[in-house]
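User: Please take a close look at the sheet in this model, and then set it in the context of how the two chains meet.

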2 protein chains.
Amino acid sequence: MNEALELQLSEVVHQGDSERLADYLGSLEPHAMARQVCELSDDDQTAMLTALEPAAAVEVLDDIPEVERTEAVSHLSPEAAAAILHELPSDEQADVVGALTDDEAGAILAAMEPAEAEQLAQLASYPTDTAGGLMATEVVAFRSTAKVSRVLERLREDAYRLRHLDVQYAYVTESPRKLVGVLRLRDLLLSEDDHTLVELMRSNPVAVNEDASLFELRELFDDHAFLGVPVVDRESNLLGVVSRAAVDAATQEQAASDYRRSLGLVEEEIRTMPTLRRSRLRLSWLSINIVLNIVAASVIACYQDTLSQVIALAIFLPIISDMSGCSGNQSVAVSMRELALGLIEPFELKRVWIKEALIGLLNGMALGGLLGGVAWVFSGNPWLGFVVGVALAFNTLIAVILGGSLPLMLKRRGVDPALASGPILTTVTDMFGFFLVLSIATLLLPKLVTH
Amino acid sequence: MNEALELQLSEVVHQGDSERLADYLGSLEPHAMARQVCELSDDDQTAMLTALEPAAAVEVLDDIPEVERTEAVSHLSPEAAAAILHELPSDEQADVVGALTDDEAGAILAAMEPAEAEQLAQLASYPTDTAGGLMATEVVAFRSTAKVSRVLERLREDAYRLRHLDVQYAYVTESPRKLVGVLRLRDLLLSEDDHTLVELMRSNPVAVNEDASLFELRELFDDHAFLGVPVVDRESNLLGVVSRAAVDAATQEQAASDYRRSLGLVEEEIRTMPTLRRSRLRLSWLSINIVLNIVAASVIACYQDTLSQVIALAIFLPIISDMSGCSGNQSVAVSMRELALGLIEPFELKRVWIKEALIGLLNGMALGGLLGGVAWVFSGNPWLGFVVGVALAFNTLIAVILGGSLPLMLKRRGVDPALASGPILTTVTDMFGFFLVLSIATLLLPKLVTH
């Protein structure tokens, strides 16, 4: 049934009847639509987006994953792309244009109205996760001397446009764009007609600079019940608004991507992408990882003599490697969480060491005791149990402390902790773990082989 | 400097001067405040929350992590807890009460006003991630026959209460609580005074049932620009409102917790928790993992003869285990992402197999070729390179296909894929990997040892 449906969208596109196409798309659930659009060939996507009215094309683009949207827009003619962009609010325009190459973006901007293009180029130039990158430039602003009755009149005149914008606040400015106050639309609703805005507004409104980080915005919305916050330049001129929804979406994306980045998936991967590209995306991190693995395993190569005499050790090496990695990665996750919640600062290594050392000791003893017991029972030699147990206990301690510290150290050096913590952690703990088992075994070799 | 600050909050608490305490807390940045509160002893937390006005205590509780908040409330006297809860909106009341044990919750409810307690008990009984669990019962509702002028009057009379609520919509009901329409507050603002609500409202408003899942709510807010959606029972009676912010917060928490759950951190861990509890939280998953690791490594024990003759194989076993785990976990993350985006349905295993088999082949050949080359150079024996390379290539293929399928299969069986995918994946791929290297090596043993 599914394949029948998928066939249908490309069929409908090929028929070239735009009205039928719009009806067909409208009849689909958003998720089903997104999937079918993702599965169209590039040419069919272009044909579909060009055949639709710009307003309908925008709705399609809104529902597909960002990485697919960028590609679809890049394949359109600059004129078609410009017409579609025109239907989007400014912050979403900037997201789309910002994800394109400079050449592609330039061509589209050249096809837009000069005023719109200039504003958009400015917006797209802000880094994504800053107030400038997240803000929309559509704001409702009035002079401070305006009367409520006049403002309501203006709002009613402009009702049609306002209904299509996510407007929650009216801003009050002086000498032309300097922000001096803010009003919730419902403050207007609940007040008398003959007041002036300067009487009603909250003065010295909370505002952020265009380069405020996502983290600062997150903190601000956590501390205040605002639905949006105005963005100003250094002279307090009003530039735009960052909505709570934009900050929530960006934070959500960041949290979900921590998990993917911890597995080396730096770019968003969707299964409709070309296979070679998906393979390359994953391989770039795997190939670093395999080199680190080989480096770590080279420790084993130094102890081949010991291994050849106590072959049972080979069974326990992968277990010690894997378990130390698991224990360490738990600490990584706890530190990432505490950093995100602001419960810890990157310089507080000592605090993490103290807090993690206890856990490392307890869990090391529990896991080391368990594995040591298994090694004893399996080999019948208590000394083998001792070697394996002590090595795992001590290596768990190291892994837990290192795992807790790495995100803080990497963050201080400006390295992405989600991406780099795992490989560094497992390489170090593998090397230590192999070294511990094999060097203790070498020291106790007579006890291990006499049995 | 930090320790001086931490000392200070407990000192201020000990002085017993509530005004000074409130001033001191007000002077702190929210994050600094959260940290210091988390680091207080249980008794000091109780003393602090009891000394503060309920409204101020609520602000403190709002800023600390949920798990700490639950504990702090559970240590309060039921009367003090009831007074603090009274200051919270209904959905947050329900979150706090829902996290307590039944006895603790019962004692607090008994100390509240009966009407408030009854409503709260009802709210707290809904599962957390459903519309019932996420909704607030504070709604602005009017009869459909009301005139705009009368409604505005009523709103103005009620302005003080409304200013403290996150109200975006007015709902229109008939025969007493049946939902028939919805109005944005700004529709009221932009319309003439003598209209009745039935003329202005949007009829047949989108509403959800109290048992709608977070996923359904997420889809609804993705498809519509609503700031909130009404919750109704089977007879269309209005029960409450779920805000976009509540759904965003719940989704965000879910996304971040996928990463933590993939490492066995089921409950939120904060470093101010008692060490033994933190140790137990982490150990419960680690101890399952170590048993699975031992099971997997038992494959190696079956091939001790081969290993003792080709000791170099022991170097490559941990590498094959780790690399297969990495490749497989990447596929797990891509499937989790596609499930979350709705780009794939749990029954579409065949699609995943086809899409992943190609990646597994490509990446398997690349990684197997690399590791095989290293093994050849290291040992000087091309056959050792062949064994290691083929085993890693084939095992990567298995890991990538299995990793992509596991989240779908687990989801269909109602098992949490974030929690269970990793351990199952690594156990299976370890066993296969060890079996492949060692059984191929056994077949080719003459080639490996003659050299």
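Analyst:

**The sheet and its setting**

In chain A, four strands form an open sheet in the order 1-2-3-4, with mixed pairing. Strand 1 (140–143) and strand 4 (202–203) of chain A stand at the edges with a single partner strand each, so one side of each is left without a neighbour in the sheet. This is a predicted model, in which local features need pLDDT of at least 70 and side-chain atom pairs count only at pLDDT 80 or more, while totals for chains, interfaces and linings use all residues. Residues are numbered from 1 along each chain as its sequence is written, and chains are lettered from A and ligands numbered from 1 in the order in which they are written.

Strands here (E, at least two residues) and helices (H or I, at least four) are DSSP runs numbered from the N terminus, and two strands pair if DSSP finds at least two bridges between them. By that criterion, strand 2 (residues 169–174) and strand 3 (residues 178–184) of chain A pair in the antiparallel sense over six bridges, and Thr173(A) stands opposite Leu179(A) in strand 3 of chain A.

In chain B, strand 2 (residues 169–174) and strand 3 (residues 178–184) likewise pair in the antiparallel sense over six bridges, with Thr173(B) opposite Leu179(B) in strand 3. These two strands of chain B form a hairpin with three residues between them, and Ser175(B) in the turn has a positive phi of about 35°. Strand 3 of chain B also pairs with strand 4 (residues 202–203) of chain B, in the antiparallel sense over two bridges, where Val182(B) stands opposite Arg202(B).

Turning to the two chains together, a rotation of 180° with 0.0 Å of shift along its axis superposes chain A on chain B, with an RMSD of 0.1 Å, the fit being by least squares on the C-alpha atoms of residues with pLDDT of at least 70 in both. The two copies are thus related as by a two-fold rotation axis, and the same surface serves both, since 100% of the contact residues of chain A recur in chain B.

Across this interface, 84 residues of chain A are in contact with 84 residues of chain B, contact meaning that the C-beta atoms, placed from the backbone, lie within 7 Å. Helix 20 (residues 313–341) of chain A gives the most to the side of chain A that touches chain B, with 18 residues.

Technical notes. Contact = placed C-beta atoms within 7 Å.
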